Amino acid sequence: MFGIDDPWILTGYGLAIGLTIICIIYGWWKRNETEGDE
Amino acid sequence: MVDTLTFWVFAAIYIAMTLVLGYMGYKKTKASEDFMLAGRKIHPWIIGLSYGATFISTSAIVGFGGISALYGMGLIWLAMLNIGVGVLLAFIIFGKRTRQLGQKLKALTFPDLMGKRFESPFMQYASAVIILIAMPLYAAAVLIGGSRFVETTLGVNFTIALLAFAVITAAYVIFGGLIAVMYTDAMQAVIMLIGMVALLFLTFNLLGDPTTAFTNLSNLSPHMPASLVSKGMISWTAMPEFGSEIWLTLVTTIIMGVGIGVLAQPQLVVRFMTAKDSRALSRAIPIGGLFILLTTGVVYTVGPLTNLYFWNTQGKVAIDAASGNADTIIPLYINSAMPDLFVIIFMLVLLAAAMSTLSAIFHAMGTTSGFDLWSHIKRVRSKGAEPIAPSLKANKVGTLIMIVISVALALVMPESIIARATAMFMGLCACAFLPAFVHGLFSKRPSALAAKLSLGLGGASWFLWTAFVHVKESSVLGISKFLFGTNAVLPMPWQVVDPMVIALPISIAALLVGIWYDRAHTKDEAVINGRAGTAE
């Protein structure tokens, strides 16, 4: 895929992008939550 | 060749903006808490940008970018850890608890937090001493990196570049404290983001779409230098051979060492304490995550691709084009392949990366010396038991002294030691602080004994492995050679196993033994007291 054959490299990219998406979703989800709500 | 006048115009605008933001910080800094923790009310976006800009220094872009040109795309795992551990775990698990505890205990610095959490002055000043020994080396490394870059690209004398760099950064750190540091960080982070995104697009514009570029890079494998193949390299688009020398260096030192080491760095931990509430930290997470992906993710992708560029244009792979010096691969690529305007922007990116990290280190060292150490000395001298109130003046003087020490180190220390300083600082922070810090954050009954054992044994075992086994550091420190006539007292493959792989488990084990001993002892005392109480 994309000229990269090693699944470890593809997994690394997938995780890096996936974790960034999780950062965005988490920030949006918890944007109004204070300690008391947690 | 870059037009020097154009660069200086851009640089003047950049410096003017930096000083204006520094002045804004100065106007808002009225008390010690403003200087040390930015008044605990920084905007979430500024926290995210400042955290990212402090995290990513010139060495992450130039140094690790060069390493990715050498060792290939496996470094994307470091970017992954930087996002997963350095942002997600750091903010959600560590950051929120650090902020809560910091506010509850009224802690002002990382050593202050350690001391108050464990109710142990020893933990405060031992942490302070470790920071004040290791951090100037890190500061000197960042100073040298930035100054060498200015020297090679603009022909400015190294010493003048270094002094100018230090004076401009010192001006806004000393007068504006953490508010100025974080405001300028945010501006510097935006410059870094623009530069790195442009670098990615320009690189694919040059080498073809991603599939074409990576396929051509994979096809370059037969031309890989024999010295890399013999140590385990297979391709720039693949991980090295499992267990080989390069695999061990890549995984234990670069990916794990730097990726995990970030969690207990005092200058980053302090960023969590600047948030007004946990909501501010949640809102900072998307900015931090995106920033790390777009900086490290880009440079670890472009780094390996420089091999394809140099092969297409010079018939050489990157390390050969850079005459064997991996640190010059990224600057050489930028200078040869990119349009002049981008070369100027990239120079500002590197200046911004260096200054944002440097200002954070200067500030952390300044507050450690001006508050943690100075208040301890004052308390001992006055023979008082009461804590000494923080002083704005002492913090400013402390910052100035630590800046002078860092500049002096940068001018006199051998560059071979300085070059290893970043990895050494991160490793030491992880081994000495991380287990005790985690215990302090999450345990309901934190054990001071366990924390002291972990800090002491973690720090000591890290030092022993660094000085006597891990050959990259032991060979430049020279202690092992002086005492035993050899750079490393253990054979391969131990010589390439990072000190953190050994010292962090020792630090964790010491913590667990300390907790077990403390709890068993407390239980015994409770039993004895209980019986005594019954007898009475």
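This dialogue walks through some features of a predicted model.

User: What should I know before reading the model?

Analyst: It is predicted: local features need pLDDT of at least 70, side-chain atom pairs count only at pLDDT 80 or more, and totals for chains, interfaces and linings use all residues. Residues are numbered from 1 along each chain as its sequence is written, while chains are lettered from A and ligands numbered from 1 in the order in which they are written.

User: How many helices and strands does chain A have?

Analyst: Helices (H or I, at least four residues) and strands (E, at least two) are DSSP runs, numbered from the N terminus. Chain A has 1 helix and 0 strands.

User: How many residues does each chain bring to the contact between chain A and chain B?

Analyst: Two residues are in contact if their C-beta atoms, placed from the backbone, lie within 7 Å. Chain B brings 31 residues and chain A brings 25 residues. On the chain B side, helix 5 (76-105), helix 9 (210-218) and helix 13 (278-314) each supply at least two residues. Helix 13 of chain B gives the most, with 11 residues.

User: How do I read the crossing of helix 7 and helix 17 of chain B?

Analyst: Start with the axes, which are lines fitted to C-alpha atoms, for helices over the stretch in contact; angles run from 0 to 180 degrees between N-to-C directions. Here helix 7 (residues 121-154) and helix 17 (residues 392-412) of chain B have axes that come within 8 Å and cross at roughly 60°. That makes helix 7 of chain B oblique to helix 17 of chain B. Angles under 35 degrees count as roughly parallel, over 145 as roughly antiparallel, 65 to 115 as roughly perpendicular and the rest as oblique.

User: Is Ile47(B) buried or exposed?

Analyst: A residue is buried if 20 or more other C-beta atoms lie within 10 Å of its own, exposed if 12 or fewer, and partly exposed in between; C-beta atoms are placed from the backbone. Ile47(B) is buried, because 28 other C-beta atoms lie within 10 Å. Ile47(B) sits in helix 3 (residues 44-55) of chain B. The C-alpha atoms of Ile47(B) and Leu281(B) are 7.7 Å apart, with their places 234 residues apart along the chain.

User: Which sign does phi have at Lys106(B)?

Analyst: Most residues other than glycine have a negative phi. Lys106(B) has a positive phi of about 55°, though it is not a glycine. Lys106(B) is in the loop between helix 5 and helix 6 (110-117) of chain B. Lys106(B) is exposed, with 11 other C-beta atoms within 10 Å.
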